[in-house]
Amino acid sequence: MAANADAPANCKVVLAGGIAKRLLVEVAEGLEQVSKPPLLVGFLSSTDPAARIYADWTGRTCRENGFEFQLREVDREELEDAIMAANNDDSVDGIMVYYPIFGTGQDRYIQQTVDVSKDVEGLTDRYVRNMYHNVRFLDEEKQCKSVLPCTPLAVVKILEYLQIYNTFLPYGNRLHGHTITVINRSEVVGRPLAALLANDGACVYSVDIGNVQQFTRGAGLREKKHKVMDDPKWTLENRLPLSDVVISGVPGDKFKVPVHLLREGAVCINFSSEKNFDPEVKQKASIYVPAIGKVTIVVLLRNLLRIVQNRKDTQGHPAAAVEKNGTLEQAAPGP
Ligand SMILES: NC(=O)C1=CN([C@@H]2O[C@H](COP(=O)(O)OP(=O)(O)OC[C@H]3O[C@@H](n4cnc5c(N)ncnc54)[C@H](O)[C@@H]3O)[C@@H](O)[C@H]2O)C=CC1
Ligand SMILES: Nc1nc(=O)c2c([nH]1)NC[C@@H]1CN(c3ccc(C(=O)N[C@@H](CCC(=O)O)C(=O)O)cc3)C=[N+]21
């Protein structure tokens, strides 16, 4: 054994750019099906430097891939009216609002101002409710897919790429048998992500600053949608050794995932702007994805195409446009 102690560890570092490229092929095909390049309008009222970087980056990715993008920098007091004007402007296909703005519950209120038919980020109530309830379509005919939030969906796409999703299993159950820890439970990323992964069959431990919760569809995946449980005995430290996938998104540069507690061969994914994993992660992980932003933006373009498509499909088909939430009765094609 000692003879091999200096051999390099076998961790594959997977960069988001490569995964994004594959998804972009799909997006390019979708773009050919629409009559004009979709216009995305981004509202920047945030003073957070991460929001501006992300906004610039969205613009660049849109333009490079045949989409139109306009950045509207408005005072936060004017934002609600500006969003309403874009809702009523037929030339605007999609709207995204960069957060944080007020950094309070008011951001949630602003989010709900975006018209559901233009919400590329899937953050309005109807989409969020569909996601938590595992309802995948907007219409009973199952023609119009619901919109999923970009960053959680980007993580799903990465897990599909890495073949953590087992395509031998039926769609909707493909994470059965996996134990996944998600460190972050924000309303925009961590909590929806835990729910999506649990709805797809995983046993998910959702960790935030206060506690650890388990999201699962129960033994034998008998439930249609996930349930959430609390147990004060659960800690990050005692969940990590059980987890074959660890996804971390803690803001700030203080937090580091304790590498010594990772299970040998774990798959580690970081979505925080800061590095939540020290380089030693490569001594333990089988796969390490250090950042996911590039995939998130391609998922955004994919969502933009989807809402353009859904609007086309609901024209002259008003039943699909009203609030009518079907339940997930059958397996549906990919998310
Ligand atoms: N790559 C991407 O596509 C995206 C990345 N981000 C990045 O992800 C990070 C998080 O963003 P948000 O979810 O919006 O932040 P947030 O501040 O709303 O939520 C942070 C979450 O982390 C938890 N947390 C904080 N400290 C912790 C600790 N020591 N241990 C365990 N949990 C802890 C909090 O309880 C909370 O659930 C940021 O760095 C942000 O820039 C955000 C959106 C998209
Ligand atoms: N409505 C809204 N949606 C967002 O998704 C949103 C937002 N507002 N406000 C700002 C935050 C921040 N954010 C990031 C995106 C990518 C990386 C990221 O990881 N980027 C690089 C790594 C760092 C780099 O290369 O500079 C990458 O993945 O390759 C981080 C953070 C999205 N945000």
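## Overall architecture

Helices, meaning H or I runs of at least four residues, and strands, meaning E runs of at least two, are assigned here as DSSP runs and numbered from the N terminus. On that basis, the protein chain of this predicted model comprises 9 helices and 11 strands. Its radius of gyration is 20 Å, close to the 20 Å expected from the globule rule for 335 residues, so the chain is as compact as a globular protein of that length.

Taken along the principal axes, the C-alpha atoms of the protein chain fill a box of roughly 70 × 45 × 40 Å.

## The annotated segment

An unreviewed UniProt entry places the feature "domain: Tetrahydrofolate dehydrogenase/cyclohydrolase NAD(P)-binding" at residues 149-209. Over residues 149-209, helix accounts for 36% of the chain and strand for 16%. The C-alpha atoms at the two ends of this stretch lie 22 Å apart.

## Packing of α6 and α7

Helix α6 spans residues 150-161 and helix α7 spans residues 190-199. The two pack with their axes 9 Å apart, at an angle of about 40°. Angles from 35 to 65 degrees fall outside both the roughly parallel and the roughly perpendicular classes, and α6 and α7 are therefore oblique to each other. The crossing in which α6 passes α7 is right-handed.

On the α6 side, the contact is formed by P152, L153, V155, V156 and L159; on the α7 side, P192, L193, L196 and L197 take part. By residue class, the contact of α6 with α7 consists of 9 nonpolar residues, with no polar and no charged ones.

How values were computed. Residues are numbered from 1 along each chain as its sequence is written. Chains are lettered from A and ligands numbered from 1 in the order in which they are written. This is a predicted model: local features need pLDDT of at least 70, side-chain atom pairs count only at pLDDT 80 or more; totals for chains, interfaces and linings use all residues. Side-chain values use heavy atoms; hydrogens and water are left out. UniProt positions are given in the numbering used here, feature names are shortened, and annotations may be inferred rather than shown by experiment. Axes are lines fitted to C-alpha atoms, for helices over the stretch in contact, and angles run from 0 to 180 degrees between N-to-C directions. Angles under 35 degrees count as roughly parallel, over 145 as roughly antiparallel, 65 to 115 as roughly perpendicular and the rest as oblique. A crossing is left-handed if the near helix is turned anticlockwise from the far one by less than a right angle, and right-handed if clockwise. Contact means heavy atoms within 4.5 Å. Ala, Val, Leu, Ile, Met, Phe, Trp, Tyr, Cys and Pro count as nonpolar, Asp, Glu, Lys and Arg as charged, and the others, Gly among them, as polar. The radius of gyration is taken over C-alpha atoms; the globule rule is 2.2 Å times the number of residues to the power 0.38.
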